[in-house]
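Visitor: I keep meeting words like "buried" and "oblique" when people talk about proteins. Could you show me how such words are earned?

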Amino acid sequence: MANWIINNGLTAFILVVWMAINIFIFVWFYLFYALREEFFYTRHILGHALAWARAPAAVLNFNCLLILLPVCRNLLSLLRGSFVCCGRTMRKQLDKNLSFHKLVAYMIALMTAVHLIAHLFNVERYNDNRRNTDDELGMALAKLEDSHNTTYLNPIRNIDTDAQQTPTYFLFTSIAGITGVIITLALILIITSSMEVIRRSYFEVFWYTHHLFVIFFAGLVIHGIGYIVRKQSNTEQPFNTTFCQTRSSDWGRIQECPVPQFSGGPAQTWWWVISPMILYLCERVLRFIRYMQAVTYRKIVMHPSKVLELQLMKNGFKMDVGQYIFLNCPAISQLEWHPFTMTSAPEEDFFTVHIRSAGNWTDKLIDIMQNLPEGAQGPKMGVDGPFGTASEDVFDYEVSMLVGAGIGVTPFASILKSIWYKFKISNPTLRTRKIYFYWICRETHAFEWFADLLQVLEREMEERGMADFLTYKLYLTGWDQGHANHAWIHSDEDTDVVTGLKQKTHYGRPAWDKEFEQVRKENPTSVVGTFLCGPSVLATVLSKKCAKYSDVDPRKTKFYFNKENF
């Protein structure tokens, strides 16, 4: 448990606080509508469904305030820079922005469902109230109205339609009903298109559908203008609700029972969402400004396994290790922006991305680049960023474990290049004294574009007498017997048959218990940063290993897990 707290304690605390706020808001507003005197007559018609509709609405407002903040990338980068003086644990929370974004979205979906179901009951009860002649108080409340349309309680004013059709008619003729339908449909489309299988296989569907959030927020702001839920406005003395509820025939005739007056409360959602909406609008304006800035191509390289390398230049562009950018190619789509980790080092005067074929957008971009005439510039490219990630903190640790899966090696390419430059100029600020690098690939071609950098680092470390600084292991998970036989025949050679490196390629997957045990043994008093850019399944494994092999004794080895998130 202590080891788990080291890696996840602050995250758990933040989630507990968030959940506690949600529960408090729900309970507070539930009791507010269930007990307050001004809603006494409203409760007579609607019963408990009133509180069950309003409490989720309040929780919805709170979470709609939060939902946009985790995707304000520039805000997060600003906060990450502000937390430099704070501990690494605080900065790690910013790397879990998308997980929190999803969690808030689930809460919005749940509260929307409860709110919707409760209001369906409310509409039915409003309809029954207009037609039920057995309830004297209910009939008196249903008949309340005035020429200014402000003092009534029951919002269903037209009963000329069939009783079965009235709720549907009301739903599609009132502001609250129409906007409620639009909001619900938009939310269903957003959530269903965000499923993992859709995002991976049909990213464009996810991308375009997610922008229905504009309609969602517009409908949300307008939704409360209909004043469907109304409260009594003349509850002050001499009005006595307990006395008057059984004397509806005497309303307006005796001093203690004036005719009840009702009004709808002001729309409140915009109070909650206006600030994050302004922040997000500023985010989009800044993105547009960056899009308009010129980007030039320094070099375009096509690597094996359909991996495209773009070396780009942009005035005033500054980056740090492991950061990522968003790319937009108007020749493919004016609206789509896709994230890519930069593989270049901050010490270089250009920035590089490696793009693997992984969908329609990347396939079209690769086709365009392959068909360019020799020496020609590529299509117009918009660049937004750079944005911070967990890998920025790699040099804050004395010892680092870097784990990349497939194209997930890209942030570590940036880190290793930066290390090479730091050694080249003998940078005295480099705190890191040991790096363990693991790269897991399915096919041999994937190693080719990165092997050159590792060869340079190998020579550099040997020349400086620092061969122990970098320990790297490459794992090939996709191979056949013929390939294994070929590797066995050449096993006595000094260099690896796959990569040309002195370190031989391993076949299969890493034995993580063995690796963590070795790192702990070699660094008995160090804080080890474990960084992953890869699938969530591997993240779960490494997170558990970090907790398992961390020592409770503050003087001994501790592992901190960090994962790239886009």
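Guide: Here is a short round of questions and answers about this predicted model.

Visitor: Let me begin with a helix. How do you know that the length of helix α3 agrees with what its residues should span?

Guide: Helix α3 covers residues 49–67, which is 19 residues. At 1.5 Å a residue they should span 27 Å, and the C-alpha atoms at its ends are 27 Å apart, so the two values agree. Helix α3 is also mostly covered, with 16 of its 19 residues buried.

Visitor: Why is E336 called buried?

Guide: Buried means under 20% relative accessible area. E336 has 4% relative accessibility, so it counts as buried. This residue sits in the loop between β5 (324–328) and β6 (338–341).

Visitor: Which residues is E336 in contact with, leaving aside its neighbours within four places in sequence?

Guide: They are F203, E204, W207, Y208, L327, N328 and W361. Take W207: E336 is 129 residues away from it along the chain, but their C-alpha atoms are separated by 7.1 Å.

Visitor: Now the sheet with the order β3-β4-β7. What makes β3 and β7 edge strands?

Guide: This is an open sheet of three strands, paired antiparallel. β3 (296–303) and β7 (351–356) each have a single partner strand, so one side of each has no neighbour in the sheet. On average, neighbouring strands here are turned by 20° against each other, direction ignored.

Visitor: How do you know that β4 and β7 pair?

Guide: Two strands pair if there are at least two bridges between them. Strand β4 (residues 307–313) and β7 are joined by six bridges, so they pass that test. As an example, Q311 has T352 of β7 as its bridge partner. Helix α15 (residues 360–370) packs on this sheet, where it touches β3, β4 and β7, and its direction makes about 115° with that of β7.

Visitor: Why is α19 called oblique to α20?

Guide: Helix α19 (residues 512–522) and helix α20 (residues 536–549) pack at about 40°, with axes 10 Å apart. Angles under 35 degrees would count as roughly parallel, and 65 to 115 as roughly perpendicular. An angle of about 40° falls in neither range, so α19 is oblique to α20. The crossing is right-handed.

Visitor: Which residues of α19 make the contact?

Guide: On α19 they are W512, D513, F516, E517 and R520. Their counterparts on α20 include L538, V541 and Y549.

Note on methods
Residues numbered from 1 in each chain as written. Predicted model: local features only at pLDDT ≥ 70, side-chain atom pairs only at ≥ 80, totals over all residues. Heavy atoms only, no water. Helix = DSSP H or I, 4+ residues; strand = E, 2+ residues; numbered from the N terminus. Expected span 1.5 Å × (residues − 1). Buried < 20%, exposed > 50% of the residue type's maximum accessible area, 1.4 Å probe, protein only. Axes fitted to C-alpha atoms, helices over the stretch in contact; angles between N-to-C directions. Contact = heavy atoms within 4.5 Å. Parallel < 35°, antiparallel > 145°, perpendicular 65-115°, else oblique. Left-handed = near helix turned anticlockwise from the far one by under 90°.
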